[in-house]
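Colleague: Could you take a close look at one part of this model for me, the stretch around the helix that carries the positive patch, and describe what lies on either side?

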Amino acid sequence: MPKLIAVTGLPRAGKSRIGVLSSHVLGIWPEGFLDTDTLRKEAIEKGLISYEFRYSRKYMEMVYDIMMTRARERLADGGDVVLSGTFTNRKRLRQVHRLAEQTESKLHIFFVDCDEETIKARLEE
């Protein structure tokens, strides 16, 4: 049974770091690691997303749709997947739950938390 791991939390909380480490532990780095920051950059490079509007609702939906499509393909082939993103609304987390059910994957969700001072410092970097 493939594993679907979703790493969620506030911006700059350390989701990508935890996701990268998890994918290394599972032996699926880099193919099995899907992260919204990387997917957004790819979409900008391909001209699918405008840099200045990269965080608009429309483009955020596009990034999450790309993530879910790639995850579904990998899980369907029996591969494990680690997702990293804020998953800011219930709809996105429901998509993850549905994906796990549809692909008969074992779902693990991790919320990465960080103190406010650290987040502020990281946002200033």
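**Helix α4 and the loops around it**

Modeller: A point from outside that helix helps to begin with: Arg12 is partly exposed, with a relative accessible area of 37%. This is a predicted model, and in it Arg12 sits in the loop between β1 (3–9) and α1. Although not a glycine, Arg12 has a positive phi of about 70 degrees.

The loop leading into the helix runs between β3 (81–84) and α4 (90–102), and Thr86 belongs to it. Thr86 has a relative accessible area of 18%, and because the cut-off for buried is under 20%, Thr86 counts as buried. Leaving aside residues up to four places away in sequence, Thr86 touches Thr8, Gly9, Leu10, Pro11, Lys15 and Tyr64.

On the surface, Arg72, Arg90, Arg94 and Arg98 gather in a patch of positive charge. Helix α4 supplies the largest share of that patch, three residues. Arg98, one of the patch members, is found in α4 and is partly exposed, with a relative accessible area of 40%.

Past the helix comes the loop between α4 and β4 (106–112), where Glu104 is found. Glu104 is exposed, because its relative accessibility is 60% and exposed means over 50%. Glu104 also has a positive phi, about 50 degrees, although it is not a glycine.

One further backbone feature lies elsewhere: the peptide bond from Trp29 to Pro30 is cis, with omega near -5 degrees. Pro30 has its place in the loop between α1 (15–26) and β2 (33–35).

Technical notes. Residues are numbered from 1 along each chain as its sequence is written. This is a predicted model: local features need pLDDT of at least 70, side-chain atom pairs count only at pLDDT 80 or more; totals for chains, interfaces and linings use all residues. Side-chain values use heavy atoms; hydrogens and water are left out. Helices (H or I, at least four residues) and strands (E, at least two) are DSSP runs, numbered from the N terminus. Buried means under 20% relative accessible area, exposed over 50%, partly exposed in between (1.4 Å probe, protein chains only). Contact means heavy atoms within 4.5 Å. Patches are made of residues with over 30% relative accessible area and no salt bridge: like charges are joined within 9 Å, nonpolar side chains (Val, Leu, Ile, Met, Phe, Trp, Tyr) within 5 Å. Accessible areas come from the Shrake-Rupley method with a 1.4 Å probe; for residues, only the protein chains shown count as cover. A salt bridge is a side-chain nitrogen of Lys or Arg within 4 Å of a carboxyl oxygen of Asp or Glu. Lys and Arg count as positive and Asp and Glu as negative; His and the chain ends are not counted. The place of a charge is taken as NZ of Lys, CZ of Arg, CG of Asp or CD of Glu.
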